[in-house]
Amino acid sequence: MAASSSTRTFLSNPSFLSPSKHASLSTVSNLKMTNSQTYTFKSLFSSPVPSTPPPPLTLRRAGAVSATPSTTTSFHGLCYVVGDNIDTDQIIPAEYLTLVPSNPEEYKKLGSYALIGLPSSYPIRFVEPDEYKSKYTIVIAGYNFGCGSSREHAPVALGAAGAAAVVAESYARIFFRNSVATGEVYPLESEVRICDECKTGDVLTIELGESRLINHTTGKEYKLKPIGDAGPVIEAGGIFAYARKTGMIPSQAA
């Protein structure tokens, strides 16, 4: 109530708005400060800023493993051929994601469901019914293999089924990364469209050190793109195994 009374007094009393008590805007704009002082601002830099940037910082890690895969690493066996845009639902359907890969029995079951989501246009199954392992060591694919969700179960299921490598025209990046992180399969890229020149059941050899694929059934050879720095990580068994091997994190025994 007191505030309302003060407001009414302010509005009803002309003296509050009198020019004699309140300078106009023009008057205020012409006011000058007295006893003004001059202030000197010190530079924040103690020395001139260099005209050229410093060289980039180089990080060195002790005990690093060579980024070149072992020249003796090779895979030999039958291949299973799929087409383009094979997504993670086809590699391992969502209904099987409750299986925990760290549990040995459930890891084995994951392998039995690898590529079970493929449509009926694939009459040959990657893993036969009532089996846990596939007879196909190498998967040959088109472009964008492993698209869809980010589930790590996709490369894990292929590895649990016994696949050593996938050779595709291209990959969904999340599948490629999960393959490296888990160390389950080598995600290799071809320079040509091999999936159009191979058939399921062809006998293949992959020479990892030479980045070469040999189809013994057709007699053709193909150049693969080098696996690069991902090779030692996969060879070690995944990102955590690689970190322990190189001393970046303590070993489990420690």
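## Helix H4 and its buried end

Let's start with one helix. Helix H4 spans residues 104–112, and its buried residues are Leu 110, Gly 111 and Ser 112. Keep in mind as you look around that this is a predicted model. At the start of H4, the backbone nitrogen of Glu 105 has a side-chain oxygen of Asn 103 within 3.0 Å.

What do the buried residues of H4 pack against? Their partner is helix H5, residues 153–160.

## How H4 meets H5

Two packed helices are described by the angle between their axes and the distance between the axes. For H4 and H5, the angle is about 90° and the axes are 7 Å apart. Angles from 65 to 115 degrees count as roughly perpendicular, so H4 is roughly perpendicular to H5. On the H4 side, the contact is made by Tyr 107, Leu 110 and Gly 111. On the H5 side, it is made by His 153, Val 156, Ala 157, Gly 159 and Ala 160. Sorted by character, the residues of this contact are five nonpolar, three polar and no charged.

Here is a handy idea for reading helices. An α-helix has 3.6 residues a turn, so residues three or four places apart point the same way.

## The chain as a whole

Now let's step back. The chain has 254 residues, and 37% of them count as buried. Its regular elements are eight helices and seven strands. The chain exposes about 15900 Å², and 56% of this comes from carbon and sulfur atoms.

How much of the contact in the chain joins residues 24 or more positions apart? Among contacts with a separation of 6 or more, such pairs account for 67%.

## Helix H6 and its neighbours

Helix H6 covers residues 173–182, and its buried residues are Phe 175, Phe 176, Asn 178, Ser 179, Val 180 and Thr 182. Which elements do they pack against? The list holds helices H3, H5, H7 (230–236) and H8 (239–245), along with strand E4 (186–189). H5 is a name you have met already, as the partner of the buried residues of H4.

After H6 comes Gly 183, with a positive phi near 70°.

## Ile 138, a buried strand residue

Ile 138 sits in strand E2. Is Ile 138 buried or exposed? The relative accessibility of Ile 138 is 0%, so this residue counts as buried. Leaving out residues up to four places away in sequence, Ile 138 touches Phe 75, Leu 78, Cys 79, Tyr 80, Ala 165, Val 167, Leu 204 and Ile 206.

Ile 138 also shows how the fold brings parts of the chain together. Ala 163 is 25 residues from Ile 138 in sequence, yet their C-alpha atoms are 5.7 Å apart.

## Loop residues, buried and exposed

Loops can be explored in the same way. Thr 73 lies in the loop between helix H2 (25–29) and strand E1. Thr 73 has a relative accessible area of 15%, and the cut-off for buried is under 20%, so Thr 73 is buried. Beyond residues up to four places away in sequence, Thr 73 touches Tyr 186, Ile 206, Glu 207, Leu 208, Gly 209 and Glu 235.

Ser 211 belongs to the loop between strands E5 (203–207) and E6 (212–215). With 10% relative accessibility, Ser 211 counts as buried. Setting aside neighbours within four places in sequence, its contacts are Tyr 222, Lys 223, Leu 224, Lys 225 and Pro 226.

Gly 148, in the loop between E2 and H5, is exposed, with a relative accessible area of 64%. Outside its neighbours within four places, Gly 148 is in contact with Asp 87 and Thr 88. The C-alpha atoms of Gly 148 and Ile 86 are 8.6 Å apart, although 62 residues separate the two along the chain.

## Two positive phi angles in loops

Which loop holds Asn 85? Asn 85 is found between strand E1 (74–81) and helix H3 (88–91). Its phi is near 55°, a positive value in a residue other than glycine. Asn 85 is partly exposed, at 34% relative accessible area.

Leu 115, in the loop between H4 and E2, has a phi near 60°, again positive in a residue other than glycine. Leu 115 is buried, with a relative accessible area of 4%.

Technical notes:
Residues are numbered from 1 along each chain as its sequence is written. This is a predicted model: local features need pLDDT of at least 70, side-chain atom pairs count only at pLDDT 80 or more; totals for chains, interfaces and linings use all residues. Side-chain values use heavy atoms; hydrogens and water are left out. Helices (H or I, at least four residues) and strands (E, at least two) are DSSP runs, numbered from the N terminus. Buried means under 20% relative accessible area, exposed over 50%, partly exposed in between (1.4 Å probe, protein chains only). Contact means heavy atoms within 4.5 Å. Accessible areas come from the Shrake-Rupley method with a 1.4 Å probe; for residues, only the protein chains shown count as cover. A polar contact is a pair of N or O atoms within 3.5 Å; within protein, one must be able to donate a hydrogen and the other to accept it, and residues adjacent in sequence count only if both atoms are side-chain atoms. Axes are lines fitted to C-alpha atoms, for helices over the stretch in contact, and angles run from 0 to 180 degrees between N-to-C directions. Angles under 35 degrees count as roughly parallel, over 145 as roughly antiparallel, 65 to 115 as roughly perpendicular and the rest as oblique. Ala, Val, Leu, Ile, Met, Phe, Trp, Tyr, Cys and Pro count as nonpolar, Asp, Glu, Lys and Arg as charged, and the others, Gly among them, as polar.
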